[in-house]
Amino acid sequence: SIVFTTGNWDSVRTITVNAVNDFVYEGARTGQITHTATSNDSDYDGISIVDVTANITDNDSPPTLTVSDVTVNEAVGTTTITATLTGVSSLPVSIN
């Protein structure tokens with residue numbers, strides 16, 4: 001948070017916003033930054049402040065999905081395949 005006083009009200013202030021550097025691929029997305037103002041001065045207490053949209057760039061690679069080659073014997077009719085997912089996704093990954 002920042003505080004404006006009679007001594008610094010006209011100075012530009014910098015607020016640092018950090019994105020979480022996880023190891024989950026989430027792709028490009030946006031986040032809303034909301035604000036509230038509180039003051040003993042009724043002219044400023046609770047004033048409306050426009051939300052800011054932050055564009056978030058994911059530095060993680062999208063996962064890859066590999067399905068093994070398979071040979072099916074007609075006499076048996078079924079076989080087993082192996083599926084491998086590399087990397088974590090924030091969303092379910094389905095194979096149909």
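**Surface, Pocket and Salt Bridge**

Colleague: Which class of exposure does Leu-65 have, given its relative accessible area?

Modeller: Leu-65 has a relative accessible area of 40% in this predicted model. Buried would require under 20% and exposed over 50%. Because its value falls in between, Leu-65 is classed as partly exposed.

Colleague: In which strand is Leu-65 found, and which residue named with Leu-65 in the nonpolar surface patch also lies in that strand?

Modeller: Leu-65 belongs to strand 4, which covers residues 64–67. The patch includes Leu-65, Val-67 and Ile-81 among its members. Of these, the one that also lies in strand 4 is Val-67.

Colleague: How much accessible area does the nonpolar patch have together?

Modeller: The patch on the surface is formed by Leu-65, Val-67, Val-70, Val-72, Ile-81, Leu-85, Val-93 and Ile-95. A patch residue needs over 30% relative accessible area, and Val-67 is partly exposed at 39%. Together the patch residues have an accessible area of about 630 Å².

Colleague: What separates the C-alpha atoms of Val-67 and Ile-81?

Modeller: Both residues take part in the nonpolar patch. Along the chain, Val-67 and Ile-81 are 14 residues apart. Their C-alpha atoms are separated by 6.9 Å.

Colleague: Which residue meets Glu-26 in a salt bridge?

Modeller: Side chains of opposite charge can pair when their charged atoms come close. The structure holds 1 salt bridge, with an N to O distance of 3.0 Å. Glu-26 is partly exposed at 30% relative accessible area, and its partner is likewise partly exposed, at 27%. That partner is Arg-29.

Colleague: How far apart in space, C-alpha to C-alpha, are Arg-29 and Ala-54?

Modeller: Arg-29 lies in strand 2, residues 29–33. In sequence, Arg-29 and Ala-54 are 25 residues apart. In space, C-alpha to C-alpha, the distance is 8.5 Å.

Colleague: How many charged residues are in the lining of the largest pocket?

Modeller: The largest pocket holds about 840 Å³ of space. It is lined by 21 residues, of which the closest to its centre are Ile-2, Val-3, Phe-4, Thr-36 and Ala-37. By class, 11 lining residues are nonpolar and 9 are polar. The number of charged residues in the lining is 1.

Notes: Residues are numbered from 1 along each chain as its sequence is written. This is a predicted model: local features need pLDDT of at least 70, side-chain atom pairs count only at pLDDT 80 or more; totals for chains, interfaces and linings use all residues. Side-chain values use heavy atoms; hydrogens and water are left out. On a 1 Å grid over the protein atoms alone, a cavity is a set of points where a 1.4 Å probe fits but cannot get out, and a pocket is an open set with protein on both sides within 12 Å along at least five of seven lines; lining residues have an atom within 4 Å of a point. Grid points are joined across faces, edges and corners, and a volume is the space filled by probe spheres set on the points. Ala, Val, Leu, Ile, Met, Phe, Trp, Tyr, Cys and Pro count as nonpolar, Asp, Glu, Lys and Arg as charged, and the others, Gly among them, as polar. Patches are made of residues with over 30% relative accessible area and no salt bridge: like charges are joined within 9 Å, nonpolar side chains (Val, Leu, Ile, Met, Phe, Trp, Tyr) within 5 Å. Accessible areas come from the Shrake-Rupley method with a 1.4 Å probe; for residues, only the protein chains shown count as cover. A salt bridge is a side-chain nitrogen of Lys or Arg within 4 Å of a carboxyl oxygen of Asp or Glu. Helices (H or I, at least four residues) and strands (E, at least two) are DSSP runs, numbered from the N terminus. Buried means under 20% relative accessible area, exposed over 50%, partly exposed in between (1.4 Å probe, protein chains only).
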